[in-house]
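Dear colleague,

Please find below the structure that I am handing over to you. My notes on what was found in it follow.

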Amino acid sequence: MGCICTRISQTNNKRSAEDSDLILLVLSVRQGLTEYLGMEETDKPVLEPATTEESTDKRCMVRTNQVAPIIIKNCREEYQTLVEFKEPIVMGCIADHFLEHPLIKGKYFVVKDTLAKDDVLQTIKKHHAPNFWRTKADFPVFACGQPTANGTVALFDSFLDRFKDVFVFNLREDPVLFLNCEDDFETYSIRHHNNVFETVFNTRDAKDANEMEARIRQDIVDLASIGDIKRFYFYDDLDNLHDEPHIKPVRHEDDLLVAEEVYSRQAFLKPSLTYQRLCFPVNGCPDENAVDCFLTKFKELDIFDTHIQCPAILSICQTGKERATVGMVMGCLLLACKQGFPSEISHHPHPINTEHPNFEQGEFQATQALVKALKGGLKIKQQVDIIIDKCSEMINLRTIISDTVKELHSATDRSASSREELRPKCCDYLERYLFLISYNAYLQDQFRRKLPITYSRWVHLHPEVTRISCALDFSEKACPLVLAPDRSLVADNYVGLDVLSSQMDVRVSNFRRLQGLPIFGMAQPARNGLSRVVSHLMVKKLGHSQVILINLRNDLTVECDDDTYCVHHTKHMEEPVLIGGASGKELEEKEELLKKEIKRIKTIEVYQELEHPAVSKTFSSVLTPYDLWEHQRLQTLDLYYHRMPFQCDSSLEEKEFDDLQQLLFSYYKSDSDWQKDNLAFVFHCRTGKSRTSQAMAVAALIFFHIRDFPYGSKPGEPERVSCPNAQYTKGEYIIVQKLVRLLPEGQQVKREVDLVLDILFETMSTTLFHLREVIFVTYNKIKNATSDKQKDMLQRLSMEYLERYIYLILYNSYLHCEKESGWERSFSQWMKQVAAPAGVYELLDSLGFYDFGPVSNAFMTRKERWKARQTVLSCGGNFI
């Protein structure tokens with residue numbers, strides 16, 4: 001079957017004016033009959049008069065007092081259900097020239113859940129479920145696709161005949177309905193009219209999933225009741241649309257069952273059967289809360305008792321393939337902690353060859369990082385690999401990563417859209433594999449102690465697990481082509497960038513100093529600008545004897561004939577292409593490649609302004625930022641250069657705080673040296689705004705802890721603020737106040753951070769950047785967003801800015817707590833050893849603007865924010 005194109009239209013669910021006359025006639029007949037029989041009637045239906053607008057609209061329904069008209073039929077009264085829809089009914093068809101019918105929620109079709117072709121293992125006849133299979137490990141762990149209602153009963157009965165306890169896990173987050181078809185209830189799923197081949201999934205919460213199914217069922221029953229038809233439209237085979245859709249009877253709710261009714265009723269009748277819906281995502285790894293619910297059932301059984309027999313575990317998803325296999329591996333890993341792992345496990349696993357990794361064995365960069373971060377990581381990974389191989393009847397959760405990567409790398413003739421579909425799949429499969437390794441690490445750490453802490457709590461105590469699982473795509477870092485056909489050079493400098501008008505003095509945009517400290521910031525300098533800045537800092541008036549230049553960019557830039565350019569993707573010209581996971585040295589190596597490519601091409605098209613078309617240029621000289629420093633150092637020996645790539649518009653990672661702190665401390669030998677202004681630290685990013693301001697704030701906090709904070713940092717000293725929404729521009733959000741109450745001297749810690757940000761802002765234009773106030777400004781723009789994409793972008797940015805502010809408060813708290821020891825413990829160690837047990841990461845996983853109403857789940861957690869942050873564009877480099 002070719003591409004299916006759906007078509008929708010709208011109609012009103014209102015009766016004609018003739019229906020009103022019929023209702024009046026029926027009421028008159030009923031009144032006459034009542035009087036004839038001598039009966040008293042106290043609850044007559046009141047016919048409300050139509051408004052002027054209603055009386056002129058022939059389509060308008062005459063409404064009663066919520067009691068439907070009474071029809072006399074065979075001397076019996078029948079109360080007809082009055083179905084009301086708040087919105088017009090949307091009509092649609094699966095493809096042109098097919099039957100048009102009402103759509104659920106105005107956009108959904110109902111399609112048969114699984115077909116005969118989905119039953120790869122041919123198990124429906126024997127086991128009443130598609131792809132029913134058991135692990136090859138010596139554990140009673142099973143998986144299958146979605147069985148019918150009768151198949152569920154037969155399957156559960158067969159389990160209870162063989163096992164004392166049975167745990168059934170429904171892993172579907174997508175809604176499923178069971179339709180009464182002859183002597184069984186067949187399963188149907190909901191498909192969006194934009195993509196009828198993919199099931200709809202909108203939630204990862206089991207309660208919400210159950211309620212969603214109930215609402216969909218009610219909508220189908222209501223739509224089927226319109227006009228007293230009692231029928232609805234179902235599709236059995238999208239590959240062959242002959243005789244589609246099938247019009248099947250739906251008389252009442254009993255004709256359509258939801259998953260909760262099918263499974264929970266069996267558990268109600270069979271005490272040895274335990275049922276739980278977990279809602280595993282179709283893509284990616286399970287939510288930590290779902291893992292907690294999974295393990296809770298085993299803790300209730302007291303599986304740690306040696307006398308307790310292992311229960312049988314059945315994982316169910318749509319086809320019995322990916323999600324069911326994940327559930328099976330999780331069950332096997334848990335039972336292996338009780339009964340022991342297979343004999344193939346080696347006591348001394350072979351270390352990973354980082355120079356020549358084996359991708360068939362899942363030795364990707366992210367895997368290597370996770371194995372290194374976990375205690376006994378190699379053995380933990382080996383245990384997971386063995387169990388995955390024992391549960392590979394339908395799919396191998398490890399090798400599918402390398403298979404998909406190979407498909408991506410070999411797809412040179414594929415369209416860009418196809419490649420963009422494969423890349424997220426690679427990330428989803430790898431994220432799932434890393435989850436299983438961290439899940440096994442949790443079991444190895446906690447099982448002997450009877451799992452006293454939950455998996456979600458354990459993840460919060462090991463923040464590196466979340467950090468690594470969110471940085472998976474290293475395609476830009478490994479890409480051999482820097483200036484591919486879909487990339488363009490765009491000038492760093494643009495009209496309106498230099499809001500501080502510093503170009504007139506030093507030939508660099510947004511150059512400024514943090515008042516009272518040898519800390520400076522600016523935009524990307526070119527050759528002439530760097531020379532002017534260095535000369536300005538080392539004149540006798542300022543008195544700096546050394547200049548330390550710190551480049552914060554994580555994209556590629558080159559200087560061509562005294563103008564700097566960076567690489568942009570032709571489809572996303574607004575921002576440069578970011579290089580995820582690359583070190584400063586790796587960025588410099590790629591910039592060297594970019595320089596060679598430009599020289600080889602000679603004449604190249606560049607954008608001076610994005611609003612204007614590209615122009616062809618031939619450059620006489622091309623320099624990288626490292627070349628610029630070397631060129632300037634020939635004139636200024638006391639000039640030092642460092643590359644510290646930071647992510648734009650987001651908080652620094654814990655390690656990045658450490659790196660910046662270590663850099664500053666490396667230039668000072670004693671406390672007295674900190675009191676002098678011999679050294680000038682100059683930070684720069686592309687625009688001199690976000691990353692530069694953040695680095696300057698971190699450096700200022702370090703300086704002030706050694707030099708003492710100036711006036712304004714103590715209670716009663718800060719200036720009064722009198723402006724609308726002052727509490728929000730001051731950063732006094734509910735979530736921030738919660739953190740402040742958690743930290744020692746939290747109010748003082750926050751007050752010092754606010755002082756630094758205000759001092760930093762006083763050296764800047766009001767149109768530039770304030771690290772704290774931009775939080776509320778960005779959030780306030782959401783209500784004026786013109787598209788869902790823009791709204792999501794603003795929501796993410798506002799949460800990123802809020803997280804950045806919270807991290808600055810946490811870092812200042814670290815500087816307070818570790819000051820007596822001379823900061824021997826790094827910020828990363830302090831966060832893991834002190835802040836994590838105190839609940840800081842739980843707070844970072846519930847981030848939101850609670851001040852303005854209920855908070856959605858989007859970007860609330862670190863994982864959601866960081867995964868969105870790590871989404872980088874690629875021109876086809878190696879995924880790993």
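**Findings**

Phenylalanine 364 counts as buried, because its relative accessibility is 1% and the limit for a buried residue is under 20%. Please bear in mind that this is a predicted model. Phenylalanine 364 sits in the loop that runs between α8 (322-339) and α9 (365-373). Its C-alpha atom is separated by 9.2 Å from that of serine 402, a residue 38 places away along the chain.

Helix α8 also holds glutamate 322. With a relative accessibility of 18%, glutamate 322 counts as buried. Its side chain makes polar contacts with two other side chains: that of tyrosine 429, at 3.2 Å, and that of arginine 432, at 3.1 Å. If neighbours within four places in sequence are left aside, the residues in contact with glutamate 322 are Val282, Ile395, Leu397, Ile400, Tyr429 and Arg432.

**Two open sheets**

One open sheet has five strands in the order β7-β8-β17-β9-β16, and its pairing is mixed. The edges are formed by β7 (133-134) and β16 (273-280); each has a single partner strand, so one side of each has no neighbour in the sheet. Helix α6 (residues 259-269) packs on this sheet, where it touches β9 (166-172), β16 and β17 (312-316). The direction of α6 makes about 155° with that of β16. At the β7 edge, the pairing with strand β8 (residues 141-144) is antiparallel and extends over two bridges. Arginine 134 stands opposite phenylalanine 142 of β8.

Another open sheet of five strands follows the order β19-β20-β29-β21-β28, again with mixed pairing. Here β19 (512-513) and β28 (639-643) are the edge strands, and each has a single partner, so one side of each is left without a neighbour in the sheet. Strand β21 (residues 546-551) pairs with β28 in the parallel sense over five bridges. Within that pairing, asparagine 551 has arginine 643 in β28 as its bridge partner. Helix α22 (residues 690-707) packs on the sheet and touches β19, β20 (519-522) and β29 (679-684). Its direction makes about 180° with that of β20.

**Helix α5**

Helix α5 (residues 206-225) consists of 20 residues and spans 29 Å from its first C-alpha to its last, close to the 28 Å expected at 1.5 Å a residue. The helix is mostly covered, with 14 of its 20 residues buried. Its N-terminal end is capped by aspartate 205, which has a side-chain oxygen 3.1 Å from the backbone nitrogen of lysine 207. After α5 comes glycine 227, with a positive phi near 70°.

**Nonpolar cores**

Which residues touch the most other members of the largest nonpolar core? They are Phe681, Phe683 and Ile806, in a core of 80 residues. Helix α27 (residues 788-817) contributes the largest share of this core, 13 residues. A second, separate core has 70 residues, including Ile303, Val326, Met394 and Val465.

As for phenylalanine 681 itself, leaving aside neighbours within four places in sequence, the residues in contact with it are Pro518, Ile519, Phe520, Ile548, Ile550, Leu664, Tyr667, Tyr668 and Phe703.

With kind regards

Note on methods:
Residues numbered from 1 in each chain as written. Heavy atoms only, no water. Pairing = 2+ DSSP bridges. Helix = DSSP H or I, 4+ residues; strand = E, 2+ residues; numbered from the N terminus. Contact = heavy atoms within 4.5 Å. Axes fitted to C-alpha atoms, helices over the stretch in contact; angles between N-to-C directions. Expected span 1.5 Å × (residues − 1). Buried < 20%, exposed > 50% of the residue type's maximum accessible area, 1.4 Å probe, protein only. Polar contact = N/O pair within 3.5 Å; in protein donor to acceptor, adjacent residues only side chain to side chain. Core = buried A, V, L, I, M, F, W, Y, C linked by side-chain atoms within 4.5 Å.
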